[in-house]
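Trainee: I should like to look closely at a single part of this protein. Please take me through the salt bridges and what surrounds them.

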Amino acid sequence: MLGEIKGLNEECGIFGVWGHQDSAQLTYYGLHALQHRGQEGAGIVTTDGEQLKLAKGHGLINEVFSENQLDDLSGHASIGHVRYATAGDGGYENIQPLLFRSQTGGLALAHNGNLVNAQALKNQLEAQGSILQTTSDTEVVAHLIKRARHLPLEQAIMEALSMIKGAYAFLVMTEDRMFVANDPRGLRPLSLGHLGESWIVSSETCAFDVVGAEYDREIDPGELLIISDEGVESKRFSAPIQRTLCSMEYVYFSRPDSNLDGKNVHASRKRMGKSLAEEAPIDADVVTGVPDSSISAAIGYAEASGIPYELGLIKNRYVGRTFIQPSQELREQGVKMKLSAVRGIVEGKRVVMVDDSIVRGTTSRRIVKMLKEAGAKEVHVRIASPPIKNPCYYGIDTSNSGELIAANNSIEEIEEQIGADSLAFLSVQGLNDSIYQGEESLRHGGCMACFTGNYPTEIYPNTMHPYEKA
Ligand code: SF4
């Protein structure tokens, strides 16, 4: 949730169950484990083999679903979604899964990611007479599938997937089948597991642990899984190419107890902290991390530097969506809602403050100020990822370039603006080595486009950053 103040937001999490009598309840708990990927809305669609049922709403999982509602969502299979709404598309109709009903049956879709050619496809569909009801990319895919209805459904889905470009992890469900697809570069995480005889699909493996499921494998880039009462069938809709999983999943988005491509997120973050200590050492008394996502990197920095790790910053965990936020005036008088500095730890000390990333710089400035007001003698900021200089087109709201502090300022200028005594970032090589540890193969090597500007897919002239969508 710190992303809300940092200006760095994930766009969604998806979870699916096939073959369990309590599929809606399992999906509820799975989505709860994925809540950090989106807090603006959630939905679940179930099937009992004959009918698709939907419940969705604005807010956190526990705000959207009551026990009675879950009981009404009977069925042996479900797909669910948690979302972070980008500017202009926070309407109820955009909350997923989207459900379309027709004479031939229903179709439910849940999507994590962002399509780079969505606008071109929307224009084309509208020119051919389709009426789009939402501003979400997901509906485009539903229309593409419907347009290919002369084909068997599986082929229609493959046809639609071959037309879309960008980042997508998709769950599509009909009354009697679930389809699971990962984009040809596997930009977003998506894994398959099982719970007894039931199949479970999740954006992150932490949700498997929560529902007691066992992890089986990643969904391969360009793979389409078809899950039914007959079992699981795997097909390919694109030739294998190198996976470019989003590096920010390791840096910031995923939960530390998740594994991405077999690598634990907490352990990867610790290695980032260790590399950072080697690349940017400093004489100091204590190391502290910005909770929650920077704690692992701060521990790594402390271990490698020999400077003790201390809890210099505390996060208030109980600030909910509906909590009345203090006015600007009260904030200026010192009412702090999300983070507090621990005076007893930082007073009179030279503090290394480790954070996972800097987006606009406003959060870093606020935390440095907070540490100094609590008596820190010096604050040395160490960032466990490279400077974010480019927007993301793949479903992460990293703000547009105009708002990215590192796109418009040198490191010295940022240091001055945030009021730090020194500032250093992890190098691109350091980040890559921390994640992949020298493994180079078809399956490894991540997207680093927001740091390097090297986008792994074509970016279309009319590609819009999700933040700019209306
Ligand atoms: S551009 Fe950055 S945030 Fe976007 S997918 Fe690539 S690494 Fe992730």
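Mentor: The account below begins with the salt bridges and then turns to an annotated residue, a cavity and a loop.

This is a predicted model, in which local features need pLDDT of at least 70, side-chain atom pairs count only at pLDDT 80 or more, and totals for chains, interfaces and linings use all residues. Residues are numbered from 1 along each chain as its sequence is written, and side-chain values use heavy atoms, with hydrogens and water left out.

A salt bridge here is a side-chain nitrogen of Lys or Arg within 4 Å of a carboxyl oxygen of Asp or Glu. The search of the whole structure finds 18 salt bridges. In one of these, the side chains of Glu204 and Arg37 meet with N and O 2.6 Å apart. Glu204 lies in the loop between β10 (198–202) and α8 (206–211), and Arg37 in the loop between α2 (23–33) and β2 (41–47), so the pair ties together parts that are 167 residues apart in sequence. Helices (H or I, at least four residues) and strands (E, at least two) are DSSP runs, numbered from the N terminus.

Burial is judged by relative accessible area: buried means under 20%, exposed over 50%, and partly exposed in between (1.4 Å probe, protein chains only). Glu204 is buried at 0%, and Arg37 is buried with a relative accessible area of 0%.

Arg37 also forms a salt bridge with Glu249, the closest N and O atoms being 2.9 Å apart. This pair links distant parts of the chain, since Glu249 belongs to helix α9 (residues 247–253) and Arg37 to the loop between α2 and β2, 212 residues apart. Glu249 is buried, as is Arg37.

A further salt bridge joins Lys315 to Asp292, with the closest N and O atoms 3.2 Å apart. Lys315 lies in strand β17 (residues 313–315) and Asp292 in the loop between β16 (286–289) and α11 (295–305), so the bridge ties together parts 23 residues apart in sequence. Lys315 is buried, with a relative accessible area of 18%, whereas Asp292 counts as partly exposed at 36%. Elsewhere, salt bridges that share partners join Arg37, Arg188, Glu204 and Glu249 into one network.

Arg37 leads on to the annotated residue. An unreviewed UniProt entry places the feature "active site" at Cys12; UniProt positions are given in the numbering used here, feature names are shortened, and annotations may be inferred rather than shown by experiment. Cys12 is found in strand β1 (residues 12–18) and counts as buried at 7% relative accessibility. Leaving aside neighbours within four places in sequence, Cys12 is in contact (heavy atoms within 4.5 Å) with Arg37, His81, Val82, Arg83, Tyr84, His111 and Asn112.

Helix α9, which holds Glu249, also contributes to a cavity. The second largest cavity is lined by 14 residues, of which Cys246, Met248, Cys392, Cys447 and Cys450 lie nearest its centre. The elements that give two or more residues to this lining are α9 and α18 (449–452). A cavity is a set of points on a 1 Å grid over the protein atoms alone where a 1.4 Å probe fits but cannot get out, and lining residues have an atom within 4 Å of a point.

Finally, Arg185 lies in the loop between β8 (178–182) and β9 (191–195) and counts as partly exposed at 23% relative accessibility. Arg185 and Pro456 are 271 residues apart in sequence and 7.9 Å apart in space, C-alpha to C-alpha.

Note on methods
On a 1 Å grid over the protein atoms alone, a cavity is a set of points where a 1.4 Å probe fits but cannot get out, and a pocket is an open set with protein on both sides within 12 Å along at least five of seven lines; lining residues have an atom within 4 Å of a point.
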